[in-house]
Amino acid sequence: MQTAIRHLITAVANANLYSVEHQQIKRLCEASQGCFENLLREQGKLSLLMVEGVLLFDNIPLPPGLHAQKLAQLMERHRINRLILAPGLEPEELEKLVEFWTQPGKSRQGLPECPHLRFETLAESEALPSQATLDESSIYDAAGLGEVKKKGQNRLAEMFEDFGRKKTMHVAGLNEIVSSFIEAFSREVLSLLVLLPIRTMDEYTFTHGLNVCLLNLAQAMNLGIEGQLLHDIGLAALVHDLGKLHIPLEILAKPGKLDEREWGIMHQHPAQGAELLLDTPGMPQLAVITAFEHHLRYDLKGYPAVSAHWNQHLCSQMTTISDIYDALRTTRPYKAAKTAETCAEILREAAGSEIHPQLAGNFLSLLDHSAQKSGLHCF
C-alpha cells in the first residue's frame, strides 16, 4: 500500500509542475495501479479512511511517512473522508484523481466520475442529523436481541463475581459475549440497537458494559470497521469500567451526588482498570488503552491528567460517546433519565469539546437512521 501511495503522490507532485498528460505522470499512475491491483486481487476491495488527520488502511493506521501524510492532507483539503477502490481499477481513473487533486478545493459535484473509485465526503459524515421523536418501546425485543443480551448479562455477571473472588478473568468468556453480539448484528438488527430503553440504576449496574459494547459495535460497523479490530472494539467497551471494582460500594451506590473526596476516589478507576486489564492474560492492548482513556474527553480536560499532546485512540473516543449516552438514559435517585431526543441534543452540544465531532456525527446518524427505520417521526 505504501508503494502505491508513493507513486500516486509523486504523480500529483509532478502534475503540479507539468500537464497531467505528461508521460511521467502516466507511468506513475500505471505503477500505482499495478500495486493497487495486486492488493485488490488479494482483498477484493480497498478502503482508505481519513480520521482526524490519520490515514487508515483496512482500519489500521498507516505507518507515518511523507507520502501517507500528503495523501491525508489532500483528502482533508478536498473534504474526502473515505476513498474506496474496487477490482478493475484502471490507470486512467488514477489520472483523473491526480488531476482532481491538483486543483484547489472542490465541491462534491467536482469529484471525478470513475467506475472503480468511490468517494465519501467529510460533509456527508460530519453532518449532525436533526432530532428525532422517539418512544420507549422495547427496542431489543423488536430487534430480536433480547435473549442474546440476557445471556450476555448473566455471563458477564458471573465473570465479574468470579473476578471479585479470584482476581483473575478469563478472556475467552468475554470473547464469547462479543462474538454473539457481532453475530446478532449480522442478522440486520444494527439499526434498532441505539435506541436504548430507559433503565433504573440497578439495571445500569449490570447492563452498562453490555450496552456500551453494543453501541461501540454499532458505531464501528457504521464506519466500515470489521474483523479483529471490530471484535477488539467491542471487547474494550465491555470491560472499560472494570476499575470500578476497586471503588467502594457506598460510593458507587450513593443515592446523591458525590462530594470532592468521593470524586477523587472515582477518578482513580480508569488507571486502576487499565492496570487490572494489563495483568489479564490474552487481553487485547486496545482494552487497556480504552479503560485508561475513556474519561479523557476530546479536549483532554477530563481524567486522568495527561499531556497536552496526548493522542487518544479512536476506540476510546467511541467508548466515551457510548458511555455518556447510556448513562444519560439511566434513572438515578437524584436525576431522572433523559429522553433519546434530549440525549441527542446533549451529544450535539458536546461535539468538539467533550466528544470527537466526527464520531458524534456518526453516532447521531445512527440515532436518526434508527428512528426512521423504526417508523418514528423525524424532523
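In this predicted model, helices α14 and α15 cross with right-handed geometry. Helix α14 spans residues 285-293 and helix α15 spans residues 314-328. Their axes lie 9 Å apart, at an angle of about 50 degrees. The pair is therefore oblique. From α14, the contact draws on Leu286, Ile289, Thr290 and Glu293. Helix α15 contributes Cys315, Ser316 and Thr319. Sorted by class, the residues joining α14 to α15 are 3 nonpolar, 3 polar and 1 charged.

Both helices also feed the largest nonpolar core, each with at least two residues. That core holds 45 residues. Within it, the most contacts belong to Ile225, Ile233, Leu238, Leu277, Met318 and Tyr325. Other helices that each supply at least two residues are α8 (171-189), α9 (201-222), α10 (227-238) and α13 (269-278). Helices α16 (340-350) and α17 (357-373) do likewise.

Leu277 illustrates the packing. Beyond its neighbours within four places in sequence, Leu277 is in contact with Val239 and Leu242. Its further partners are Met283, Ala287, Val288 and Ala291. A second core is separate from the largest one and comprises 39 residues. Among its members are Met50, Met75, Val98 and Leu117.

At the level of the whole protein chain, the secondary structure amounts to 17 helices and 7 strands. Of the 379 residues, 50% are buried. Contacts between residues at least 6 apart in sequence were also examined by separation. Of these, 70% link residues at least 24 apart.

Methods
Residues are numbered from 1 along each chain as its sequence is written. This is a predicted model: local features need pLDDT of at least 70, side-chain atom pairs count only at pLDDT 80 or more; totals for chains, interfaces and linings use all residues. Side-chain values use heavy atoms; hydrogens and water are left out. Axes are lines fitted to C-alpha atoms, for helices over the stretch in contact, and angles run from 0 to 180 degrees between N-to-C directions. Helices (H or I, at least four residues) and strands (E, at least two) are DSSP runs, numbered from the N terminus. Angles under 35 degrees count as roughly parallel, over 145 as roughly antiparallel, 65 to 115 as roughly perpendicular and the rest as oblique. A crossing is left-handed if the near helix is turned anticlockwise from the far one by less than a right angle, and right-handed if clockwise. Contact means heavy atoms within 4.5 Å. Ala, Val, Leu, Ile, Met, Phe, Trp, Tyr, Cys and Pro count as nonpolar, Asp, Glu, Lys and Arg as charged, and the others, Gly among them, as polar. A nonpolar core is a set of buried Ala, Val, Leu, Ile, Met, Phe, Trp, Tyr and Cys residues joined through side-chain atoms within 4.5 Å. Buried means under 20% relative accessible area, exposed over 50%, partly exposed in between (1.4 Å probe, protein chains only).
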